[in-house]
Each structure stands twice: as structure tokens, then as C-alpha cells.
Amino acid sequence: SAESVLTIPAAAKLGLYSVALRAGKEGPEWQSGEFRVEAFRLPVLKGSIAPADKGPLVDLRTLPVNVQIGYVAGGGAADLPVQVSALLRNKSLQFDGFEGFRFTPPRNRQDTSASGTDDSDEEPDTDQDNRVVADKLPLKLDRNGVGQVKVDALPATTQAQDLLLEASYADPSGEVQTLRSNQTLWPSMVVAGIKTEDWVSTSNRLTVQALALDVSGRPLAGVPLQVHAL
């Protein structure tokens, strides 16, 4: 293996460049990648996209989303057309101070029984990964450069999910710019966790610890929990 560095000249021509590996001057050649050289243009506009509700997003079916865009030099982008999209992804939970606990719900019992025994009984169903819940919803900002759109039909879920929000618009610089924000959708205000000892060291009895946290990772007292073994 080897590493090589290419310094792009300041006067390099704009366009698409290909990278190839060649065996000697006359040997065979293998294409291995490409990159593009473009002229950098300072954006004229800047903005943000975020849920209208500032609190935790718990068990929602509809989410109002605020978009705000203004000129870097000052003033709102009046009447600017924007497209808003949203994507859901499964989220792996970890909380400081509670290492070793699992916070991912198990698979459906019927699915587990039908598929037989394997090592993935506690893994989430990946069919729900990367689910588009809003695709280029049209939005026109008001005279202050502010607008709101609703993301509807959010699916019910038993596990926390990442919600990626995006707002795309045409910047006066000639580029299409995209604002992004990442949020967490929670099925409830209580996050249940479980921890067991290593099964290799278990003979007849298995020690199980159950835990209840809030969405910020703080322990909750007095929460009734049920532990099931399958």
C-alpha cells in the first residue's frame, strides 16, 4: 500500500477529474475515484429549520416545522420558495452512567417465533430504517423570511428514532443550499432499559436489572416495569 498527495493548483481548470491507478507507464489502468473542482461562491442567505415545539418530541403524529431564512447582510428573505423534506431513521440509545444497559425494544414475538432462534432477537427491524415521511413539501416564506409547514402521518413506534429535517432553496449566488437539523422522536417520556449478567457464567439463575429513565437520561422513581423472558 502507499499514500500519495495531490496539491490542486490555484489556476486548475474547473470540472470533474478522475483518479486512476496505473501499473507503470504502459501498464493497465484501474479507475479508483473522481472529484470535482468548482469555484467557491459565498452564500447570500443563511437560515435554520427546527420543530416549532421546543420541548421533547414524544409520541407525535404531526410535527409543525419552522423555517427561517435571511440575508447574511441582514433582513429576511421575503417570499422565498422553499422545499421541506423529512427522514426517519432508527436510533441507538446510550446514556452516560448506564453502560451495559440495553434500551432497544425486542423484535415482535410472532416474528421471532416464525424466524426461529438466532442471535438478533433484540435487534430492531431494519425495514423501518431511512423512511421518508415528507418529500419536498412546498413552502413560501412570509415578508420576514419565516414560514411553517406540517410534517404529517408520523408513524407510531416503540423505539426512539432520528428525525432529519431539510429545507432546500435557491440562493442568489446561483447555488442550491440546504438547511439541516437532527431531532429525536420518542415513543414515550419513559425510556426502559435492561441489563443481564453474561450468559456464559449463568447456570440456573440469571440476574436481571431493570431501569427507567426520562428522555434526558435521568433516573425515574416509582415507575412500574414488567420483565419478560422468551
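This is a short tour of the model you have open, stop by stop.

**Before you click.** You're looking at a predicted model, where local features need pLDDT of at least 70 and side-chain atom pairs count only at pLDDT 80 or more, while totals for chains, interfaces and linings use all residues. Residues are numbered from 1 along each chain as its sequence is written, and side-chain values use heavy atoms, with hydrogens and water left out.

**Stop 1: the cartoon view.** Show the whole protein as a cartoon and you'll find one helix and 12 strands. Helices (H or I, at least four residues) and strands (E, at least two) are DSSP runs, numbered from the N terminus. Along the sequence the order reads β-β-β-β-β-β-α-β-β-β-β-β-β. The protein has 230 residues, and 27% of them count as buried. Here buried means under 20% relative accessible area, exposed over 50%, and partly exposed in between (1.4 Å probe, protein chains only).

**Stop 2: salt bridges.** A salt bridge here is a side-chain nitrogen of Lys or Arg within 4 Å of a carboxyl oxygen of Asp or Glu. By that rule there are six. Start by selecting Arg 180 and Glu 166, whose closest N and O atoms are 2.8 Å apart. Arg 180 is in strand E10 (residues 176-186) and Glu 166 in strand E9, so this pair ties together parts 14 residues apart in sequence. Arg 180 is exposed at 55% relative accessibility, whereas Glu 166 is partly exposed at 22%.

Next, pick Asp 214 and Arg 218, which form a salt bridge at 3.0 Å, N to O. Which partner is buried and which is exposed? Asp 214 is buried, with a relative accessible area of 10%, and Arg 218 is exposed at 55%.

Then go to Glu 29 and Arg 22, a salt bridge at 2.7 Å, N to O. Glu 29 is partly exposed, at 41% relative accessible area.

**Stop 3: two backbone oddities.** Select Lys 136, in strand E7 (residues 131-140). Lys 136 isn't a glycine, yet its phi is positive, at about 55°. Lys 136 is also exposed, at 51% relative accessibility. Now jump to Ala 153, in the loop between strand E8 (146-151) and strand E9 (161-170). Ala 153 has a positive phi too, of about 60°, again without being a glycine. Its relative accessible area is 63%, so Ala 153 counts as exposed.

**Stop 4: inside.** A cavity is a set of points on a 1 Å grid over the protein atoms alone where a 1.4 Å probe fits but cannot get out; lining residues have an atom within 4 Å of a point. Grid points are joined across faces, edges and corners, and a volume is the space filled by probe spheres set on the points. Two cavities reach 30 Å³ or more.

The largest has a volume of about 80 Å³. To find it, select its lining: Asp 59, Leu 60, Arg 61, Pro 155, Ala 156, Thr 157, Gln 161, Leu 185, Trp 186 and Pro 187.

The second largest is about 50 Å³. Lys 91, Leu 93, Phe 103, Thr 104, Pro 105, Gln 159 and Ala 160 line this second cavity.

**Last stop: strand E11.** Finish on Ile 194, in strand E11 (residues 191-196). Ile 194 is partly exposed, with a relative accessible area of 31%.

Definitions and conventions
1 Å grid on protein atoms, 1.4 Å probe; cavity = no way out; pocket = protein on both sides within 12 Å on 5 of 7 lines; lining within 4 Å.
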